[in-house]
Amino acid sequence: MFAKAKEVKVMSSTQSIENVSKKFKGVPFSLLGSQTFFQGKVILKGEARLAGHIEGTIISEDVLIIEESALIKGEIQGVVIEVSGVFEGSIKAAELLRLTPTARVQGDIASYKLIVEEGAKLLGKLSCLDPPRHVKDDVTLAVVS
């Protein structure tokens with residue numbers, strides 16, 4: 001008479017980043033160490049971790065992780081971005097922006113999904129982006145007549 005309740009599986013924010021990362025298996029991994037200073041424009045293909053001091057523009061086509069020791073000033077454009085360090089400027093994340101408890105972000109934020117964990121500091125203007133193309137394709141609308 002009664003159907004069994006379906007188990008609902010809730011993914012943590014870390015699991016969602018890991019799932020996105022799995023889509024890009026075999027793509028090169030980049031690392032900019034904590035003792036590195038870079039000024040200019042960098043385009044990252046494949047997962048990347050930044051731990052140094054960067055001033056300029058960062059364009060990422062995959063998962064971008066800004067480590068706790070990082071100090072970044074400028075502009076970031078990416079798909080999935082996780083910030084644990086200090087960032088000043090503008091961030092645009094097409095799918096997901098996650099601010100961990102150690103994140104210190106000041107500037108303009110634009111993202112489809114935003115996760116701000118307890119302890120993160122955020123000062124700036126927030127904007128919501130339209131869903132990425134592949135998310136729009138998955139959405140079906142019911143028509144009631």
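# A walk through the strands

Start by selecting strands S5 and S6, which pair in the parallel sense over four bridges. Keep in mind as you look around that this is a predicted model. To see one of the contacts between these strands, pick isoleucine 66: its bridge partner in S6 is valine 83.

**Stay with S6 and add its other partners**

Leave S6 on screen and bring in S4. These two strands also pair in the parallel sense, over seven bridges. A handy spot to zoom in on is isoleucine 54, which stands opposite isoleucine 72 in S6.

Now add S7. How many bridges join S6 and S7? There are 12, and the sense is again parallel. Click on glutamine 77 and then on lysine 92 in S7, since these two are bridge partners.

**Zoom out for a moment**

Show the whole chain as a cartoon. You should find two helices and nine strands. Follow them from the N terminus and you read α-β-β-β-β-β-β-β-β-β-α, so a helix opens the list of elements and a helix closes it.

If you switch on the surface, you are looking at about 9,300 Å² of accessible area, with 54% of it belonging to carbon and sulfur atoms. Of the 145 residues in the protein, 34% are buried. As for how the chain touches itself, take the contacts between residues at least 6 apart in sequence: 11% of them join residues at least 24 apart.

**Look inside**

Hide the surface and select Leu64, Ile72, Ile76, Val83 and Ile91. These are the residues with the most contacts inside the largest nonpolar core, which has 22 residues. Which elements give two or more residues to this core? Colour S3 (48-50), S4 (53-60), S5 (63-66), S6 (71-83), S7 (86-99) and S8 and you have them. S7 gives the most, with five residues. As a general point, nonpolar side chains tend to be buried together in soluble globular proteins.

For a closer view, centre on isoleucine 91. Setting aside its neighbours within four places in sequence, isoleucine 91 is in contact with Ile76, Ile81, Val83, Leu97, Val105, Asp108, Ile109 and Ala110. Ile76 and Val83 may look familiar, as both were in the core selection you just made.

**Hunt for the salt bridges**

Next, show the charged side chains. A search of the whole structure finds four salt bridges. Side chains of opposite charge can pair when their charged atoms come close.

Select lysine 45 and glutamate 61. Their closest N and O atoms are 3.4 Å apart, and the two form a salt bridge. Lysine 45 sits in the loop between S2 (37-44) and S3, while glutamate 61 is in the loop between S4 and S5, so the pair ties together parts that are 16 residues apart in sequence. Is lysine 45 buried or exposed? Its relative accessibility is 52%, and because that is over 50%, lysine 45 counts as exposed. Glutamate 61, at 40%, is partly exposed.

Move on to arginine 49 and glutamate 67, another salt bridge, with the closest N and O atoms 2.6 Å apart. Here the link runs between strand S3, where arginine 49 is, and the loop between S5 and S6, where you will find glutamate 67, 18 residues apart. Both ends are partly exposed: arginine 49 has a relative accessible area of 28%, and glutamate 67 is at 25%.

Then pick arginine 98 and glutamate 117, whose side chains meet in a salt bridge (2.6 Å, N to O). Arginine 98 belongs to S7 and glutamate 117 to the loop between S8 and S9, 19 residues apart. Arginine 98 has a relative accessible area of 7%; that is under 20%, so arginine 98 is buried. Add Glu82 to the selection too, because salt bridges that share partners join Glu82, Arg98 and Glu117 into one network.

**Finish on the surface**

Turn the surface back on and select Leu114, Val116, Leu122 and Leu126. Together they make a nonpolar surface patch of about 300 Å². Which strands each supply at least two residues of the patch? They are S8 (104-116) and S9 (121-128).

End the tour on leucine 114, which has its place in S8. Leucine 114 counts as partly exposed, at 35% relative accessibility.

Technical notes:
Residues numbered from 1 in each chain as written. Predicted model: local features only at pLDDT ≥ 70, side-chain atom pairs only at ≥ 80, totals over all residues. Heavy atoms only, no water. Patch = residues over 30% accessible without salt bridge, like charges linked within 9 Å, V, L, I, M, F, W, Y side chains within 5 Å. Areas by Shrake-Rupley, 256 points an atom, 1.4 Å probe, with all protein chains shown as cover. Buried < 20%, exposed > 50% of the residue type's maximum accessible area, 1.4 Å probe, protein only. Core = buried A, V, L, I, M, F, W, Y, C linked by side-chain atoms within 4.5 Å. Contact = heavy atoms within 4.5 Å. Pairing = 2+ DSSP bridges.
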